[in-house]
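Student: I should like to go through this model with you, beginning with its charged pairs and then turning to its annotated positions. May we proceed by question and answer?

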Amino acid sequence: MSENNNPDVRKGLYGVIADYTAVSKVMPETNSLTYRGYAVQDLVEHCSFEEVFYLLWNGELPNEEQLAEFTTRGRSYRCLDAGLIALIHSLPKDCHPMDVMRTAVSYMGTKDSEHFTPDVDHITHVGHNLLAQLPMVLAMDIRRREGKDIIAPDSNKSVAENLLAMVFGTGPDSPASNPDDVRDFEKSLILYAEHSFNASTFTARVITSTRSDVYSAITGAIGALKGPLHGGANEFVMHTMLQIEDPAKATEWVNNALDNKDLIMGFGHRVYKKGDSRVPSMEKSLRELAARHDGAKWVEMYENMAAAMDTRTGIKPNLDFPAGPAYYLLGFPVDFFTPLFVVARIAGWTAHIVEQFEGNSLIRPLSEYVGPEQREVTPIAER
């Protein structure tokens, strides 16, 4: 409460510390996003996505034996049941891909014999199941929209390589056949894997706090992530770049948008004060992908838009800005950029669900009422 006894209402919960977490933090001293204390830019350079996934769940990086056991268990879940395949094929081909991801997770929940989350072991079981199956759902959805046959998963491939192979095949022109493409894609998954109490993670924690089931928590998180003010921003970044089309027009486009007070996706962040610490790593991958895939145009567009925004506002890009054109250069359809975010963020969501489950307190904030005072109902004949 403030000194004049008026409630201190924080719209959007801005600046409100809702709970404790040991999963991740943006360190103010270095402006670095850290996972369990490790700077994400260091994890990107030295670790696989599976290692980072293990870290987020267990608090420490795995040794070779632990990683092998974790990876083997996770890959054992790579099998879609016939009912889910039929369900996905029955969905409209013009629905948003995030609707397919959300529906798939909800369906998976119906196949679980546990109607509510009983323990942490069950949460990790669901996490492995989702990490194995959602890349297959994403790949199958892309291919069915393009009239192509489904490609089966490969238990010998990493998460990143397997996903690329299921979408693009394994021919010589496929990014799955290029180790550098696979690694740059894997780096994006690491960068998107976790980000503290963002909207989708908080949604998952709220649902978990009611002691609902994990699938419900993840379904809710996907719904939150779909929004353009959260996960959907990477799609809108690329739609904008495709609309501008010519890098020489990028500065004028940004200035016009700012003059009109239009929202420009891919810039600014509520947490970072000195720029998103994930951007340099993703920007490096964007430049490398552009060099391999004749994408100089998109790098120039990126640079011109970023410079124009910096000149006019001082606002820096966030992760979505370089990730959008990077995914485009890999060949993913634009509407599937946010589902790729889902595949990565399963790691962070499930880590937070475990944390919420173990130290649970029902999340039920208050509100400041601004409607009419209590009044009497007048019979309809007298109104």
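Student: How many salt bridges does the structure hold?

Tutor: This is a predicted model, in which local features need pLDDT of at least 70 and side-chain atom pairs count only at pLDDT 80 or more, while totals for chains, interfaces and linings use all residues. Residues are numbered from 1 along each chain as its sequence is written, and side-chain values use heavy atoms, with hydrogens and water left out. A salt bridge is a side-chain nitrogen of Lys or Arg within 4 Å of a carboxyl oxygen of Asp or Glu. The number of salt bridges in the structure is 20.

Student: How many residues apart in sequence are the parts tied together by arginine 292 and aspartate 181?

Tutor: The side chains of arginine 292 and aspartate 181 meet in a salt bridge, 2.8 Å from N to O. Arginine 292 belongs to helix 13 and aspartate 181 to helix 8 (residues 179-192), so the pair ties together parts whose separation in sequence is 111 residues. Helices here are DSSP runs (H or I, at least four residues), numbered from the N terminus.

Student: Which residues are joined into one network by salt bridges that share partners?

Tutor: Arginine 205 and glutamate 355 form a salt bridge through their side chains (2.8 Å, N to O). Because arginine 205 lies in helix 9 (residues 199-209) and glutamate 355 in helix 16 (residues 337-358), this pair ties together parts 150 residues apart in sequence. Through shared partners, the network consists of Asp19, Arg205 and Glu355.

Student: Which residues does the UniProt annotation "active site" cover, and why do they gather at one spot?

Tutor: The annotation comes from an unreviewed UniProt entry and covers His269 and Asp320. They span 52 residues in sequence, yet they gather at one spot because no two of their C-alpha atoms are more than 10.5 Å apart. UniProt positions are given in the numbering used here, feature names are shortened, and annotations may be inferred rather than shown by experiment. The residues covered are His269 and Asp320.

Student: Is aspartate 320 buried or exposed?

Tutor: Aspartate 320 lies in helix 15 (residues 320-330). Its side chain makes a polar contact (here, a donor and an acceptor N or O atom within 3.5 Å) with the side chain of tyrosine 192, at 2.6 Å. Buried means under 20% relative accessible area, exposed over 50% and partly exposed in between (1.4 Å probe, protein chains only). At 9% relative accessibility, aspartate 320 counts as buried.

How values were computed: Helix = DSSP H or I, 4+ residues; strand = E, 2+ residues; numbered from the N terminus.
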